[in-house]
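Q: Please take a close look at the empty space in this protein, pocket and cavity alike. What lines each one, and what does the chain around them look like?

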Amino acid sequence: VKLQPGETAGKLSGYDAFLASTLRGTFTLATRPEFDVPELLDALDRYPYGCTEQTVSRALPLLYLGDVAAEYGEDFDSLSLHLRVDQAIARVMAHQTYDGSFAIWNSAGEARPWLTAYAVDFLTRAQEKDFDVSPAGYAHAVKWLKDYAVNERGADYARAYAYYVLARIGEMRASDLRYYAENDGVKQRTRLAYGHVAAALAILGEKKMAEEFFVKAIKARRPIHWNGIYDYGSDMRDASALAALVSETLPDANRVLELAETIEEYRFNRRYMSTQEQAWLLLATNAIATAPGAEMTVEVDGETWGPRADAARWTLESAARIGDMSVANKGSAPVRFIQSLRGVPSEALPAEAKGFEIARTYFDVDGKIVDPAEAKQHDLMVVLIEGQVTTDAEHEALIVDMLPAGFEIENAALGGNSRGAGEAGQFRFLPPLTFTQYEDTRDDRYVAAINTRGKQGFAVAYLVRAVTPGTYVHPAPFIEDMYHPDYFARGVLSEITVTK
């Protein structure tokens, strides 16, 4: 909400959608665009999965925002921050393939060029902050990236990123970069790709050409019907990363603030964000913080704050306090009042389907459909999760099936990458199972990553055993596009009883 001079925020709403004992409200007052740094850091820290992109996205902002993060709780003390980054470096290096590139889930996967540039970018920045990175692994990755930049052809967004990373570490000649920029660089399809070319040119001293490419980047948008699936991007991610690149290589406060206004419009029209968007939004916030801003004077619950140019942030954990809080703008400049509420919903979330459909069926080991609500202790069941993609787009999707407390996963080796599972194996009654890029079984959930292209069906399966007698909530199955999380589907939450 923007409060004009003299305006007062009305009684806040929305807090009653959460259980009062779990409610937490984070509030920010600022004259410049602000994106709730503590909430973004916390959301990334809580993200439970770990492909290469997600690992880098969780750790990259900590290289620059560690001091800010430490202000918001003991979970972000300096020692734990250093440990988080060290663990991320180790996990990323574990996903390096034999040729020096990086794959998304493990070292046996296929090379992902944009992801490799992203990983090397992170490792480079980590080294600059005095973190230890394997010299041999890093050199191997840089060699792969250099070979890719030189030997590939065309206006490839991954190639643009590679040129930027190589320019940053002194592994690119200005003449080679100028040739690329004048030929393939001018044909990019995203503003971030233009931004990478511009930033590389600026690093190597080509300021005039860099300025021209930054102008192209500001004007560019992603093609409407192009997913760009392997650069994990969106217009909001691209604008956020571009703000960071401008601030880093060709500082221009007005340009950064112009981008900030664009990012703000994207952000507050979005329900969900990917890890990639959250990471670059944090780096953009770091860039925006260095731009000049007007002073504000505000009154919060009768207490005057200001005049001050920096943002004011605070947290409340009482539903009564949040609902009764009053904020008034006592200054001469408009003030943004941003609220972020988090907690356990007071009511179960309904089933939804946006781009996907999903359903779950239980079978006994002989193929007969059974009702999990009537399970007996020690019953072994086959869980089939199947659904449909309802868009024509490509998706890198994650399927998550949370277990009720009385169940334990017995075996996850039924995925489509296990030969014969639904064809000639024991469970012939299952439909053909979808190839999984990644499978994981945890104490509380089954996880599978799949890639889809166009409207198609999907199916995965695993074994579960009823273990502990009692009555439990049975969470709904869920699927989402990891990098376009507005595409998702959630099934129906229910209740089960396990009897002795």
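A: Here is a walk through the largest pocket, then the cavity, then the chain that holds them.

The model is predicted. Rolling a probe the size of a water molecule over the atoms shows where empty space is left.

Start with the largest pocket. Its volume is about 2200 Å³. The lining of this pocket counts 50 residues. Nearest the pocket centre lie Arg46, Arg271, Tyr272, Arg342 and Leu349.

Several elements supply at least two lining residues each to the largest pocket. The helices are H1 (37–46), H2 (52–59) and H13 (275–288). The strands are E7 (335–342), E11, E17 (477–481) and E18 (488–490). Strand E7 gives the largest share of the pocket lining, with five residues.

By residue class, the pocket lining holds 28 nonpolar residues. Another 13 are charged, and nine are polar.

Now the closed space. The count is one cavity of 30 Å³ or more. The space in this largest cavity is about 30 Å³.

Nine names can be looked up around the cavity. They are Ile104, Trp105, Glu396, Ala397, Gln437, Ala449, Ile450, Asn451 and Met482. Two strands supply at least two of these lining residues each: E11 (394–402) and E14 (445–453). Strand E14 gives the largest share, three residues. The cavity lining divides into six nonpolar residues, two polar and one charged.

Strand E11 deserves a second look. Strand E11 supplies at least two residues to the lining of the largest cavity. Strand E11 also supplies at least two residues to the lining of the largest pocket.

Next, the chain around these spaces. The protein chain has 14 helices and 19 strands. Its C-alpha trace spans about 70 × 65 × 45 Å along the principal axes. A compact globule of 500 residues would have a radius of gyration near 23 Å. The protein chain has 25 Å, which agrees.

Burial comes next. Of the 500 residues in the protein chain, 53% are buried. Buried here means under 20% relative accessible area. The chain exposes about 21700 Å². Carbon and sulfur atoms supply 49% of that area.

Contacts reach along the sequence. Take the contacts between residues at least 6 apart in sequence. Of these, 74% join residues at least 24 apart.

Three backbone details round off the view of the chain. One is a cis peptide bond between Gly306 and Pro307, with omega of about 5°. Pro307 sits in strand E4, residues 303–308.

The other two are positive phi angles at residues that are not glycine. Asp130 has a phi of about 70°. Asp130 lies in the loop between helix H5 (113–128) and helix H6 (135–151). The relative accessible area of Asp130 is 66%, so Asp130 is exposed.

His378 has a positive phi of about 80° and is not a glycine either. The loop between strand E9 (356–364) and strand E10 (380–389) holds His378. His378 is exposed too, with a relative accessible area of 54%. The cut-off for exposed is over 50%.

To recap the spaces: the largest pocket has about 2200 Å³, and the largest cavity has about 30 Å³. Strand E7 gives the largest share of the pocket lining, while strand E14 does so for the cavity.

Methods: Residues are numbered from 1 along each chain as its sequence is written. This is a predicted model: local features need pLDDT of at least 70, side-chain atom pairs count only at pLDDT 80 or more; totals for chains, interfaces and linings use all residues. Side-chain values use heavy atoms; hydrogens and water are left out. On a 1 Å grid over the protein atoms alone, a cavity is a set of points where a 1.4 Å probe fits but cannot get out, and a pocket is an open set with protein on both sides within 12 Å along at least five of seven lines; lining residues have an atom within 4 Å of a point. Grid points are joined across faces, edges and corners, and a volume is the space filled by probe spheres set on the points. Helices (H or I, at least four residues) and strands (E, at least two) are DSSP runs, numbered from the N terminus. Ala, Val, Leu, Ile, Met, Phe, Trp, Tyr, Cys and Pro count as nonpolar, Asp, Glu, Lys and Arg as charged, and the others, Gly among them, as polar. The radius of gyration is taken over C-alpha atoms; the globule rule is 2.2 Å times the number of residues to the power 0.38. Buried means under 20% relative accessible area, exposed over 50%, partly exposed in between (1.4 Å probe, protein chains only). Contact means heavy atoms within 4.5 Å. Accessible areas come from the Shrake-Rupley method with a 1.4 Å probe; for residues, only the protein chains shown count as cover.
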